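Dear colleague,

I am handing over the structure below, and after it you will find an account of what turned up when I went through it. Please read the two side by side.

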Amino acid sequence: MSTVETQPELTEAPAGGSILEVTGLSKSYTTTGHGTTAIEQLDFSVADGEFVTVVGPSGCGKTTLLKCLAGLLEPSAGEVRLRGKLVTAPPPEMALVFQDYSRSLLPWLTVRKNVMLPLRVGRAEKHDLAQEALDAVGLTDFADGYAWQMSGGMQQRAAIARALAYQPKVLLMDEPFASVDAQTRAELEDLVLRVRREFNVTVLLVTHDIDEAVYMGDRVVVLSSRPSRVKRVLDIDLPRPRDQLTTKSMREFVELRSEIYQDIKSESKSLRGGAVEVGVEEA
Ligand SMILES: Nc1ncnc2c1ncn2[C@@H]1O[C@H](COP(=O)(O)OP(=O)(O)OP(=O)(O)O)[C@@H](O)[C@H]1O
Ligand SMILES: [Mg+2]
């Protein structure tokens, strides 16, 4: 395990070559009248095949960051590059999974049709890609049921399958398990870790849950309170494959989560005079 304070030189591409580079990224909103700077001068990169988790205080700008990475929002300053190419619109190599599965699926379509919907290939290939993704997330037997008939966990698995069927190089996930119960959340975490290996995809996952960030990531990017900056980057050298019981009981795991907790607690204090809104019990 190694822990690293964020310094400019630490934002250089990790060994193995970076697929995603974020440089001086800032985003301000002016629609609120007085203006809000959500993120300011963010610098970090993600290596090809890496699993990076991003954690930060509530409202610090995590969704704003993902939307900028996905080409859905134009940065106020700085840039995002995917394989060296400037991102100015949603790149075909990226897929995004949102927190709220109920708004990302069309309830009147079957799960299979929801997965096939965004694919722009021939019908047979669409079917094969959807089938492979549905198999990977364990929805083979439910593929022809309607989305509205599925439980919350199954709908979120369908949303993940839809992203995988798209065969992205980079999968962006915005608090993807926040709306499901704890047991389903643990299952979905393990499912994403498995499909990440099977599909060889680079993942950037935003969460407010510190345990989840440490459990899933190769590195954790800790954001400061708004306007958000990169406060710290931690390497997570916990062995893989990870296991909900053994990994979370390791001394290194406990140390990392409490370090991040202290970081975010100090950020939340400076923002709200002591309130902490992060998904871990105080150690
Ligand atoms: N479209 C918008 N117009 C104006 N302000 C916005 C807009 N979207 C977000 N903001 C503001 O930007 C800041 C960051 O919002 P954002 O949703 O990115 O934070 P977050 O870290 O994802 O929050 P949460 O923890 O609640 O998911 C907030 O103060 C929010 O009010
Ligand atoms: Mg958000």
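**The shell around ligand 1**

By class, the shell around ligand 1 is made up of three nonpolar, nine polar and two charged residues. Please bear in mind throughout that this is a predicted model. In total 14 residues surround the ligand, and the closest of them are Y29, A38, K62, T63 and T64. Two elements, β3 and α1 (62-69), each supply at least two residues of this shell, and α1 gives the most to it, with three residues.

**The sheet**

Since β3 has a part in the shell around ligand 1, the sheet to which β3 belongs is a natural place to go next. This is an open sheet of four strands in the order β3-β2-β5-β6, and the pairing is antiparallel. β3 and β6 (85-86) stand at the edges with a single partner strand each, so one side of each is left without a neighbour in the sheet. As general background, strands of a sheet pair through backbone hydrogen bonds, either parallel or antiparallel.

Strand β2 (residues 18-29) pairs with strand β3 (residues 36-47) in the antiparallel sense, over eight bridges. If you would like to find this pairing in the model, you could look for V22, whose bridge partner in β3 is F44, and for L25, which stands opposite L42 in β3. β2 is also joined to strand β5 (residues 77-82), by five bridges and again in an antiparallel run, and here T23 stands opposite E79 of β5.

In the loop between β5 and β6 you will come to R83, a residue other than glycine whose phi is nevertheless positive, near 50°. Most residues other than glycine have a negative phi, and most peptide bonds are trans.

**Three helices in contact**

Which helices does α5 pack against, and how are they turned to one another? With helix α6 (residues 182-199), helix α5 (residues 152-165) has an axis that comes within 11 Å and crosses at roughly 15°, which makes α5 roughly parallel to α6. The crossing of α5 past α6 is right-handed. On the side of α5 the contact is made by G153, Q156, R157, I160 and L164, while α6 brings T184, L188, L191, V192, V195 and F199 to it. These residues divide into seven nonpolar, three polar and one charged.

Helix α4 (residues 123-136) also packs with α5, at an angle of about 135° and with the two axes 8 Å apart, and α4 and α5 are therefore oblique to each other. This crossing, too, is right-handed. The contact is made by L129, A130, A133, L134 and A136 of α4, together with A161, L164 and A165 of α5, and by class it has eight nonpolar residues, with no polar and no charged ones. L164 is thus listed in the contact of α5 with α6 and also in that of α4 with α5.

**Two cis peptide bonds**

Finally, there are two peptide bonds to look at with some care. The bond from R226 to P227 is cis, with omega near -5°, and P227 has its place in the loop between β10 (219-223) and β11 (230-235). A cis peptide bond also joins R240 and P241, where omega is about 0°, and P241 lies in the loop between β11 and α8 (251-272).

With best wishes

Terms used:
Residues are numbered from 1 along each chain as its sequence is written. Chains are lettered from A and ligands numbered from 1 in the order in which they are written. This is a predicted model: local features need pLDDT of at least 70, side-chain atom pairs count only at pLDDT 80 or more; totals for chains, interfaces and linings use all residues. Two strands pair if DSSP finds at least two bridges between them. Axes are lines fitted to C-alpha atoms, for helices over the stretch in contact, and angles run from 0 to 180 degrees between N-to-C directions. Angles under 35 degrees count as roughly parallel, over 145 as roughly antiparallel, 65 to 115 as roughly perpendicular and the rest as oblique. A crossing is left-handed if the near helix is turned anticlockwise from the far one by less than a right angle, and right-handed if clockwise. Two residues are in contact if their C-beta atoms, placed from the backbone, lie within 7 Å. Ala, Val, Leu, Ile, Met, Phe, Trp, Tyr, Cys and Pro count as nonpolar, Asp, Glu, Lys and Arg as charged, and the others, Gly among them, as polar. A residue is near a molecule or strand if its C-beta atom, placed from the backbone, lies within 6 Å of it.
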